Structures are given as C-alpha cells and as structure tokens.
Amino acid sequence: MRQGPGPKAGGGGGRGGAAGGGAAAGCSGLPAPSFSVLTALSSGTRQGYAGSLSHDLSDGHKPAWHHVAVTADRKPIRVIAHRGASEDAPEHSLAAYRKAIEDGADGLECDVRLTADGHLVCVHDRRVNRTSNGRGAVSAMELAQLAELDFGSWKAPADRAETPDSADPERTTVLTLERLLRLVADAGRPVDLAIETKHPTRWAGQVEERLVRLLDHHPLPGEVRIMSFSARSLRRVHLAAPGVPTVFLMQFLLPRHRSGRLPPGNGIAGPGIRILRRDPEYVARAHRAGHEVHVWTVDDEPDVELCAQLGVDAVITNRPRTVRDQLARLG
Ligand code: G3P
Ligand code: CA
C-alpha cells in the first residue's frame, strides 16, 4: 500500500522564500477537525429560486432573454477571481490574489494539489512545467523543491518586460493554501474562497482530509466553498465536513444533470460558460431545483451580459475589476 504524503522531519517549509512560509507547521500534526467553524460557514447557500425565463427568437438573430418571475431577494452577482486577478499577475500567485482583493472581487478561486510531503499548494496543472521554470508532478515534489522554482516570470507584464520578475517573490513563489487563507483572513472585509480539488491525483482522498483540517484551523469571515469536477471528491468533503457548501463543476451537461439536479449533497452548480451559451435555460432549471449557479470562466463582455440576463449567482473570472465594472453598468 502506498504511503500517504506527510511532512518529513525538518523539511517542507521551504527556504524562507516560500509564499507559504510557515506552512509546514500548519500542515503537520494537526488535531482532528471539529468542523464547528466549517458548519458555521455553510449558511451562505441561497435556495428557493422561483425564476424562469422565456425565450424569444423574434429578432431572428440571437435569443433575447426575459426574466419572467424572479424572487424578490435576488442578490447581486458575485465576482470571483479565477486563480486571482490572473489576467494581470501570474495565476495562483500571492500578487494575483492581492490584486483581486484590491479590485473588489467578492471571492477568490484557487486550485489545490497535495505535495509529496503533505502541503496543499495552489497549482492548476498536474505538472509544474507550464507555470514554472521546473519540471515534474506536484504530487511527487516536496514544498521545499517547489519553493525553489520561479512560478511567475513566464508572465512578465508588458510594461515590465525588461524587469526581472524574480525581484518580486509575491509574483514568483509557489503559494500554499495556508498562506492564501491568511491573506483572505487579513483582507479587511469578508472575501469568499472557492477552493477546487484537482483529480485524479496519487494522493486521492488525502487531499480532502488535509483540506478540511486546514480550513477548520483557519476560520474566515467570508464563505468557503469546495468545488470539484469529481463527485467522489465532493462526497468525501460531505462526509468529513457536512456543513461545507460544495460546487459540482461541469464541463459538459450530462443527461442526468440536465434537469438542474446535482449529485446528492451539492448545493451549487458550477457549469462552464459554454454550457450556458448552448443551453441558457439551464440556469432556471438549476434554480428551480434549489441550486445556486456559479459559472466559469466568464471573461468576455457578451458572456458577462448573458450571465447577468440569466441571473446566475456568481461568475468566476480572470479579470474581476473589468467584470465588476461591466456588471455595475448593466445594473
Ligand atoms: O472555477 C472552475 C474552473 O476553474 C474550472 O476549470 O481548469 O480553470 O480549473 P479550471
Ligand atoms: Ca479551477
């Protein structure tokens, strides 16, 4: 049987330059989670939509959508920064998340993976090749190894093309989830956090176990949601922390989900924007089934407008400021 990941004695904390400085202490030797905090955070899911939409093709070009009946308590669309303000700064960098908070994002999205020594780090791909100057699978590397890599220079801003980005560790250093939790805690206002578990991974269920423990030790004023394309991952979350809101992500709309229903235990639907372009009525069906709808990745003006017209609950975007501004204009 394969051994689970775990911090090695004296290792894992990086070289002091890791954006997750102090993460090792936070991940090792955690007591069993009480879930008290997590349960208290679960109240944000809004349910009971009675909205429906009518489809009018009379203009002969594109569908026009009209709200027929929407409950009076419809809240503004929440803007969630996808991998931080990742249009402006390297994805999943501390700098990208700081910028997103400055830009007024209602929440932050991040992907998490478990390192070989048991640390949750914010990295999208299975391997580090695309977003760093290193090579290899995150799950096979220790945090100290990841902390030696440059995760930011690949995205030099146009106005700083001549400046070595290595000067700014907040743009270049691998980010631990624990460091991100601290940033959110210090934001000065409630900021939601939407954490996506990435599967498959060699550490399978240990991702959710570590995640739930870590969250239980970092109470936040905003809502914390766990998202995944993997229904199995979300089942593990439900078992470990039944009060935590979960988002079932969908790249395609499978026949069994067309009605708006989700796998048991999930309160929030997470369709890709392509699903809504093809099947805009999905939003009303999901609302009627009692689910919020959080859509990804919504960067372009027509997509933002579509989401606004359909009354989605949250948009996940690489450009939170631009999208917020557009939503404000749309009223
Ligand atoms: O927010 C959900 C979205 O991030 C899922 O796609 O590939 O960007 O993680 P991906
Ligand atoms: Ca993601």
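Axes here are lines fitted to C-alpha atoms, for helices over the stretch in contact, and the angles run from 0 to 180 degrees between N-to-C directions. Keep that in your pocket for the two helix pairs below. What you're looking at is a predicted model. The protein has 331 residues, and 47% of them count as buried. It contains 12 helices and 11 strands.

**The overall fold**

- If you take the contacts with a separation of 6 or more, 63% of them join residues 24 or more positions apart.

**Around ligand 1**

- Which residues surround ligand 1? They are His82, Glu109, Asp111, His124, Glu196, Leu249, Trp296 and Ile316.
- Sort this shell by class and you get three charged, three nonpolar and two polar residues.

**Helices α7 and α8**

- Two packed helices are described by the angle between their axes and the distance between the axes.
- For α7 (residues 206-216) and α8 (residues 231-240), the axes come within 9 Å and cross at roughly 40°.
- Angles from 35 up to 65 degrees are neither roughly parallel nor roughly perpendicular, so α7 and α8 are oblique to each other.
- The crossing of α7 past α8 is right-handed.
- Who touches whom? On the α7 side you'll find Glu208, Glu209 and Val212, and they meet Ser233, Arg236, Val237 and Ala240 in α8.
- By class, this contact of α7 with α8 has three charged, three nonpolar and one polar residue.
- Here's a handy bit of background: an α-helix has 3.6 residues a turn, so residues three or four places apart point the same way.

**Helices α11 and α12**

- Now for the second pair: the axes of α11 (residues 301-310) and α12 (residues 320-330) come within 10 Å, with a crossing at roughly 50°.
- That angle makes α11 oblique to α12.
- The handedness of the α11 and α12 crossing is right-handed.
- From α11, the contact uses Glu301, Val304, Glu305 and Ala308, while α12 brings Val323, Gln326, Leu327 and Leu330.
- Split by class, the residues in the contact of α11 with α12 are five nonpolar, two charged and one polar.
- Which residues of α11 are buried? Look for Val304, Leu306, Cys307, Ala308 and Leu310.
- Right after α11 comes Gly311, and its phi is positive, near 75°.

**Leu108 in strand β4**

- Leu108 sits in strand β4, which covers residues 107-114.
- Is Leu108 buried or exposed? Leu108 is buried, because 28 other C-beta atoms lie within 10 Å, and the cut-off for buried is 20 or more.
- Leaving out neighbours within four places in sequence, Leu108 is in contact with Ile80, Ala81, Gly84, Tyr97, Ala100, Val184, Val191 and Leu193.
- Take Ile80 from that list: Leu108 and Ile80 are 28 residues apart in sequence, yet 5.1 Å apart in space, C-alpha to C-alpha.

**Thr115 in a loop**

- Where is Thr115 found? You can spot Thr115 in the loop between β4 and β5, where β5 covers 120-121.
- Thr115 counts as buried because there are 27 C-beta neighbours inside 10 Å.
- Thr115 and Ala144 are 29 residues apart in sequence, and the C-alpha to C-alpha distance between Thr115 and Ala144 is 9.9 Å.

Conventions. Residues are numbered from 1 along each chain as its sequence is written. Chains are lettered from A and ligands numbered from 1 in the order in which they are written. This is a predicted model: local features need pLDDT of at least 70, side-chain atom pairs count only at pLDDT 80 or more; totals for chains, interfaces and linings use all residues. A residue is near a molecule or strand if its C-beta atom, placed from the backbone, lies within 6 Å of it. Ala, Val, Leu, Ile, Met, Phe, Trp, Tyr, Cys and Pro count as nonpolar, Asp, Glu, Lys and Arg as charged, and the others, Gly among them, as polar. Helices (H or I, at least four residues) and strands (E, at least two) are DSSP runs, numbered from the N terminus. A residue is buried if 20 or more other C-beta atoms lie within 10 Å of its own, exposed if 12 or fewer, and partly exposed in between; C-beta atoms are placed from the backbone. Two residues are in contact if their C-beta atoms, placed from the backbone, lie within 7 Å. Angles under 35 degrees count as roughly parallel, over 145 as roughly antiparallel, 65 to 115 as roughly perpendicular and the rest as oblique. A crossing is left-handed if the near helix is turned anticlockwise from the far one by less than a right angle, and right-handed if clockwise.
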